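Work through the exercises below with the coordinates open. Try each task before reading its solution.

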Amino acid sequence: MAEKRDYYEVLGVERDADQRTIKRAFLKKAREVHPDVSDDPDAEAKFKEVNEAYSVLSDEQKRANYDRFGSADGPGMGSGYVDFSDIFGGMGMDDIFSSFFGGGSSRGGGTARRTHGRDMAITLTVTLEEAARGCTKTVSYDRLSTCEDCHGTGGADGAKEKQCPRCHGTGFVTTVQRSIFGQVQSSSPCPECHGDGTVIDRPCDMCGGQGRMPTHEKIDIEVPAGIASGRQLRVRGYGEAGFRGAPSGDLIVSVQVAEHDRFQRSGDDLFCTVDVPMASAALGCTVEVAGILDDERVKVEIPAGTQFGDAITVDGYGMPCSGAPGTRGRLIVRAAVRVPEKLTGPQREALERFAEAMGETTAPRKTVGDRIRDAIDDILE
Ligand SMILES: [Zn+2]
Ligand SMILES: [Zn+2]
C-alpha cells in the first residue's frame, strides 16, 4: 500500500469521536471489508488497515500518542504496561475476527447448544525480584467481550429469538457430496446461527447479533510471592465472551520468571557467588551480600579455611515458599577466594614472610628498577 492513510479517515470518524462511535464505525467497516465476506481483491489489505486503525484509536494511550506524534508508539510507551504483542500466546486480532465473522465454533455433533467462550492464553514475564516479593502487573490483550449495547443478548431493544430457519433449530447443516467412495455426508455448524439453533429477528447493530465484540482489555494480574516459572494463573471470565450471553472462557496467564544476573534459582533455593579475599578465607570472616528482597542484607559467616567454590548455606534467605506462607528457602553462597593481583611493598614483604614460614619457594624478588617503579605507583595511587 502506498501512503499510509489517516486512521480517522480509515474509519470515517471525526477526530473527537467517542469510543462508542469508533467501535460502531469499526464494526461496520470490518463487516464490509472482511476477506471472508468481501469479494474485493484488496479486501485483505483493507481489513488490515481498518484493524490497525481501530487497534490504535480504541486504546486511549495509543490514540493520544497518535494525535500528538502521528504514531501509536509515542514517547513514554513501555512504561508500566506489558505490550500485548509480546505476551499474547493465545489469539491475535485475525483469529478473533475469524471467530467473529466465520463460524469459528467447532464442536462435536449433537443438538444445538450455545457456544461457550474459549479460554485464552497469554505469557507474562516477571523479574526474580518481582517473583520473590509478589507483584501486580497490568497486562493488555485483545479479546471478544460482552457487547455493552445489548448486554450479550445479541438483540436490539424488543428483539425476539426464533428458530433458525436454515437448520430448523438443530444448529447443524448437513451437506451431501458425491465422491469416488459414493455419497459422503458431512455436518458442520450452521453458518446462519453459528450452531445456536436460534436467530434474532432484530440483531443488535453494534455486535451484529453475536452478543460480543472485539475489545482491547487491560487487567491487573496478582502474581503471588514465590511463584515459579511456568505456573499458570487463571482469571475467570476474562477469556473470550460466549455467543449471545453464554459463559465466557478464562484467561490463562503463564508466568515466566526471567533469569537473574546474580542469583540462580532451584526450587525455593537461591544460589549466588561472593568474593572472599585470600587471607579472610584462611582466617575466617563475615561478608555481607545483598538479598533478593529490597534492601535485604544477608550476613554470611565464612569459616576459617574456606576453599574456592565452598558453599555456605544461610537458611531463610531464599525464595518465599509459595506453599507455606511466611517461610523461605535457603540462600547458598559459593565462596570465590581471590588472591591479590597487585601488591604494595609492605604487602609483598608480609606475604614473603608468610611464604617463608610455610616453607614455600616463591618466585625471585623483583629487580631494583621494578621496586622503584612500584614505590612510585604506590605514591601515585
Ligand atoms: Zn450487541
Ligand atoms: Zn441455524
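A donor here is an N, O or S atom within 2.8 Å of the metal, with a wider limit of 3.2 Å for Na, K and Ca. The model is predicted.

**Exercise 1. The site of ligand 2**

Task: find the protein donors of the zinc ion (ligand 2), then classify the site.

Solution.
- Step 1. Collect the donors. They are the SG atoms of Cys164, Cys167, Cys190 and Cys193. Their distances from the zinc ion run from 2.2 to 2.3 Å.
- Step 2. Check the angles. The four donor atoms give angles of 103 to 116 degrees. Four donors count as tetrahedral if all angles lie between 85 and 135 degrees. The site of the zinc ion (ligand 2) is therefore tetrahedral.
- Step 3. Read the spacing along the chain. The donors follow C-x2-C-x22-C-x2-C.
- Step 4. Check burial, for which the limit is under 20% relative accessible area. Cysteine 190 has 1% relative accessibility, so it counts as buried. Cysteine 193 has 0%, so it is buried too.

**Exercise 2. The site of ligand 1**

Task: repeat the analysis for the zinc ion (ligand 1): which protein donors does it have, and which arrangement do they make?

Solution.
- Step 1. The donors are the SG atoms of Cys147, Cys150, Cys204 and Cys207. They lie 2.3 to 2.4 Å from the zinc ion (ligand 1).
- Step 2. The donor atoms subtend angles of 103 to 116 degrees, so the arrangement is tetrahedral.
- Step 3. The spacing along the chain is C-x2-C-x53-C-x2-C.
- Step 4. Cysteine 147 and cysteine 150 are both buried.

**Exercise 3. Positive phi outside glycine**

Task: examine histidine 151 and arginine 244. Where does each lie, and is each buried or exposed?

Solution.
- Step 1. Take histidine 151. Its phi is positive, about 55 degrees, although the residue is not a glycine. Histidine 151 sits in the loop between β2 (135-146) and β3 (161-163).
- Step 2. Compare its accessibility with the cut-off: exposed means over 50%. Histidine 151 has 64% relative accessibility, so it counts as exposed.
- Step 3. Take arginine 244. Its phi is also positive, near 45 degrees, and this residue is not glycine either. Arginine 244 belongs to the loop between β8 (232-235) and β9 (251-257).
- Step 4. The relative accessible area of arginine 244 is 6%, so this residue is buried.

**Exercise 4. Aromatic pairs**

Task: how many aromatic pairs does a search of the whole structure find? Describe the one formed by tyrosine 8 and tyrosine 66.

Solution.
- Step 1. The search gives three aromatic pairs.
- Step 2. Tyrosine 8 and tyrosine 66 are 6.2 Å apart, centre to centre, with 40 degrees between the planes. That makes the pair tilted.
- Step 3. Place the partners. Tyrosine 8 is in helix α1 (residues 7-11), and tyrosine 66 is in helix α4 (residues 60-69). They are 58 residues apart, so the pair links distant parts of the chain.
- Step 4. Check burial. Tyrosine 8 has 2% relative accessibility and counts as buried. Tyrosine 66 is buried as well, with a relative accessible area of 10%.
- Step 5. Widen the view. Ring pairs join Tyr7, Tyr8 and Tyr66 into a cluster.

**Exercise 5. Nonpolar cores**

Task: where does the largest nonpolar core lie with respect to the domains, and why?

Solution.
- Step 1. The largest nonpolar core has 39 residues. Val126, Ile221, Val223, Leu251, Val253, Val300 and Leu331 have the most contacts inside it.
- Step 2. Domain 2 (81-257) and domain 3 (264-338) both contribute residues, so this core lies between them.
- Step 3. Follow one member. Beyond four places in sequence, isoleucine 221 touches Leu124, Cys135, Thr136, Lys137, Val139, Leu233, Val235 and Val253.
- Step 4. A second, separate core has 26 residues, including Tyr7, Val13, Met206 and Met213.

**Exercise 6. Long-range packing**

Task: which residues does alanine 336 contact, leaving aside neighbours within four places in sequence?

Solution.
- Step 1. Locate alanine 336 in strand β15 (residues 328-338). Its relative accessible area is 3%, so it is buried.
- Step 2. The contacts are Thr273, Val274, Asp275, Val276 and Phe308.
- Step 3. Alanine 336 and aspartate 275 are 61 residues apart in sequence, yet 4.7 Å apart in space, C-alpha to C-alpha.
- Step 4. Turn to the whole chain. Among contacts with a separation of 6 or more, 66% join residues 24 or more positions apart.

Definitions and conventions
Residues are numbered from 1 along each chain as its sequence is written. Chains are lettered from A and ligands numbered from 1 in the order in which they are written. This is a predicted model: local features need pLDDT of at least 70, side-chain atom pairs count only at pLDDT 80 or more; totals for chains, interfaces and linings use all residues. Side-chain values use heavy atoms; hydrogens and water are left out. A nonpolar core is a set of buried Ala, Val, Leu, Ile, Met, Phe, Trp, Tyr and Cys residues joined through side-chain atoms within 4.5 Å. Buried means under 20% relative accessible area, exposed over 50%, partly exposed in between (1.4 Å probe, protein chains only). Domain bounds come from an automatic or database domain assignment. Contact means heavy atoms within 4.5 Å. Four donors count as tetrahedral if all angles lie between 85 and 135 degrees; four count as square planar and six as octahedral if opposite donors are over 155 degrees apart and all others between 65 and 115; anything else is irregular. Helices (H or I, at least four residues) and strands (E, at least two) are DSSP runs, numbered from the N terminus. Rings of Phe, Tyr and Trp (its six-membered ring) pair if their centres lie within 6.5 Å; planes under 30 degrees apart count as stacked, over 60 as edge-to-face and the rest as tilted.
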